[in-house]
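Open the model in your viewer and keep the selection panel handy. We will take it one stop at a time.

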Amino acid sequence: LSKNIVEDLSSKEPEWLKEHRINSYEKFKELTIPSFRYGLSIILRPEDFEIESAEFVSSLKNPAEIKMNKINGVDVFEFSDNYDEVKRYMNKLVRFDKDKFSSFHNAFFNKGLVIRIPKNTEVEEPLILERNINERYSFEYIIIIAEPSSSIKIVDNSSSSKNKIFRSKIVELFLAENS
């Protein structure tokens, strides 16, 4: 992992996002890896992920991975379609500078989606995000903005035919009054 990979990832992104990625990478190098143990015999060891050999995609575009049912009145767009909106909300809830995994994710995320439910919109049928993960490393960032008096159900289905994958996802929810 290097600063060059981060710069490559952000080569077609706005300067503020490039700076954010670099700051996240620098913080990632500073922070220590926490120790995880789940239950009696499940232990997470970051060295098992072989992150150093990861190939990172240099664009936030989702190449035919996320399939969504169309819901009238709900805006769903990829980060690259509206960076101003992304900048306004990104990292307001999940801070990149607080733990090693968040800083790592923020430096190397390669998929971004924004979902906005407009004011006074009640969506009856669920918004279904379906994703088949074909790559070994997936770093997704989803921002959900529910404006006042809005309502929606979101179902996130993911699958993979690969035996070993590393998947990281950050979801930030911005819920206005009565949403």
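Start with the whole chain in cartoon view and follow it along the sequence: the pattern reads α-α-β-β-β-β-α-α-β-β-β-β-β. That comes to four helices and nine strands. Please keep in mind that this is a predicted model.

**The whole chain**

Switch on the surface for a moment. The chain exposes about 10,300 Å², and carbon and sulfur atoms supply 48% of that area. Of its 179 residues, 40% count as buried. Contacts reach far along the sequence here: among those between residues at least 6 apart, 85% join residues at least 24 apart.

**Helix 4**

Now select residues 100-108, which make up helix 4. Begin at its start, where a side-chain oxygen of Asp-99 comes to within 3.0 Å of the backbone nitrogen of Phe-101.

Is this helix mostly covered or mostly open? It is mostly covered, with eight of its nine residues buried. To see them, show Lys-100, Ser-102, Ser-103, Phe-104, His-105, Asn-106, Ala-107 and Phe-108 as sticks. Then colour the elements that help cover these buried residues, which include helix 1 (3-9), helix 2 (15-30), strand 7 (137-146) and strand 9 (166-175).

**The aromatic cluster**

Stay with Phe-104 and add Tyr-25, Phe-28, Phe-108 and Phe-139 to the selection; these five residues form one aromatic cluster. The structure holds nine aromatic pairs. In one of them, the rings of Phe-104 and Phe-139 have centres 5.4 Å apart and planes at 65 degrees, so this pair is edge-to-face. The pair links distant parts of the chain, since Phe-104 belongs to helix 4 and Phe-139 to strand 7, 35 residues apart. Both of these phenylalanines are buried.

**Glu-140 in strand 7**

Move on to Glu-140, also found in strand 7. Is this acidic side chain's residue buried or exposed? Glu-140 has a relative accessibility of 3%, so it counts as buried, the cut-off being under 20%.

Which residues does Glu-140 touch? Leaving aside residues up to four places away in sequence, its contacts are His-105, Lys-111, Arg-131, Arg-167, Ser-168, Lys-169 and Ile-170. You have already met one of them, His-105, among the buried residues of helix 4.

**A nonpolar patch**

Bring the surface back and select Val-171, Leu-173 and Leu-175. Together they form a nonpolar patch on the surface, with about 280 Å² of accessible area. Val-171 lies in strand 9, and its relative accessible area of 40% makes it partly exposed.

**Two loop residues with positive phi**

For the last stops, turn to the loops and check backbone angles. Select Asn-120, in the loop between strand 5 (111-117) and strand 6 (127-132). Its phi is near 60 degrees, a positive value in a residue other than glycine. Asn-120 is exposed, with a relative accessible area of 54%.

Then select Ser-149, in the loop between strand 7 and strand 8 (154-159). Ser-149 also has a positive phi, of about 55 degrees, although it is not a glycine. With a relative accessible area of 28%, Ser-149 is partly exposed.

Key:
Residues numbered from 1 in each chain as written. Predicted model: local features only at pLDDT ≥ 70, side-chain atom pairs only at ≥ 80, totals over all residues. Heavy atoms only, no water. Buried < 20%, exposed > 50% of the residue type's maximum accessible area, 1.4 Å probe, protein only. Contact = heavy atoms within 4.5 Å. Polar contact = N/O pair within 3.5 Å; in protein donor to acceptor, adjacent residues only side chain to side chain. Patch = residues over 30% accessible without salt bridge, like charges linked within 9 Å, V, L, I, M, F, W, Y side chains within 5 Å. Areas by Shrake-Rupley, 256 points an atom, 1.4 Å probe, with all protein chains shown as cover. Salt bridge = Lys/Arg side-chain N within 4 Å of Asp/Glu carboxyl O. Phe/Tyr/Trp six-rings, centres within 6.5 Å; stacked < 30°, edge-to-face > 60°.
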